[in-house]
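Me: I keep tripping over the labels people use for structures. Can we go through a few of them together?

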Amino acid sequence: METPYVAVDVDVLDRNVRRMAAGAADRGLVLRPHAKTHKTIEIARRQIEHGAAGLTVATVREAEIFADGGVTDLFIAYPIWPSPERARRLRALADRVALRVGVDSVESAEALARAVGSLDVLVEVDSGHHRSGVQPAEAGALIGAAERLGHRVRGVFTFPGHSYGPGLREPAASDEARALADASPHAEVRSGGSTPTAGLADLGPVNEIRPGVYVFNDAQQVELGTCAFGDVALTVAATVVSRTGNRAIVDAGSKVLGADRPAWATGFGRLPDVPDARVVALSEHHATIEFPDGTPARGDVLRVAPNHVCTTVNLVEELVVVSGGSQVDSWRVAARGANT
């Protein structure tokens, strides 16, 4: 195939899906994976078949696409502000699937009640990521206000996004458990779980997890110690087009790999087949890779694991599915660009 393209090793993907499902089941946790990572109906079906209770999504449009694909239980983990059109779409969704939405303020709960009517909601709690969500001590007041507005409050949720840093998985998991316990220890749903913390979820404070990246994994997860290179299911196939000394240029830049690079990351991606190589520079259609020795020849095709797989998937129209090194299928990225 012409490079660059995004390849998914279906054998590794299926192993990742089974492993997370089994781990959640063994601990008595509900698994509700976040589909914003894969955006793909075929993968959603695999997750449901292996025991996921439903899916988490980030937008109303993602929810509509997965509902069209047959998913009947969806949680929009986002503090939605309902425009008139978005309110109409939410009402239509609630009529055909089991739908939950996130709220993190009295104002958003009021706006949803006015525009949409009574909904099943989860109150978002800030467990340390400091993005959205109320402080745990304030959750009770918001739960009460939402119920008075007619919403059915099913529980609380949080995203321990501060787990994305070296040595932060364990403290973030502890923060997550403490925040959910302090917010509403007896809530029906106490939902957390990023991919770095999913394996550390504390049964009791946490009874549902929403990891997303685990289906593919990526260079960030390898460097955080969440997984090994052998667990990375998605890579970008790229051809060496130029070389100088120990540096090679490949034809996959930020327009397919994505441009994310946390300050702690060792590069703009990693090569699973050459762990000591580093992607040291990235432009739109070029990636510069430094090799410790044995620079590949022009025309060689390399596998590059992106830093942040979610953005990579959103940049392409299809995933090339491989098994044993050969293409066996292709999957459309159905929810690509579904940002509304």
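**Labels and their cut-offs**

Reply: Sure: there is 1 aromatic pair in the structure. This is a predicted model, where local features need pLDDT of at least 70, side-chain atom pairs count only at pLDDT 80 or more, and totals for chains, interfaces and linings use all residues. Residues are numbered from 1 along each chain as its sequence is written, and side-chain values use heavy atoms, with hydrogens and water left out.

Me: Why is the pair of Phe75 and Phe157 called edge-to-face?

Reply: Rings of Phe, Tyr and Trp (its six-membered ring) pair if their centres lie within 6.5 Å; planes under 30 degrees apart are stacked, over 60 edge-to-face and the rest tilted. Here the centres are 5.0 Å apart and the planes at 90 degrees, so it's edge-to-face. Both Phe75 and Phe157 are buried (under 20% relative accessible area, with exposed over 50% and partly exposed in between, using a 1.4 Å probe and protein chains only).

Me: What makes Arg261 sit over the ring of Phe268?

Reply: The rule wants NZ of Lys or CZ of Arg within 6 Å of the ring centre and within 35 degrees of the ring normal. The charged end of Arg261 is 5.1 Å from the centre of the Phe268 ring, and it counts as sitting over that ring.

Me: And how do you know that helix 3 and helix 4 are roughly parallel?

Reply: Helix 3 (residues 60-68) and helix 4 (residues 84-96) pack at about 30 degrees, with axes 10 Å apart. Angles under 35 degrees are roughly parallel, over 145 roughly antiparallel, 65 to 115 roughly perpendicular and the rest oblique. Helix 3 and helix 4 are therefore roughly parallel to each other.

Terms used
Axes fitted to C-alpha atoms, helices over the stretch in contact; angles between N-to-C directions. Helix = DSSP H or I, 4+ residues; strand = E, 2+ residues; numbered from the N terminus.
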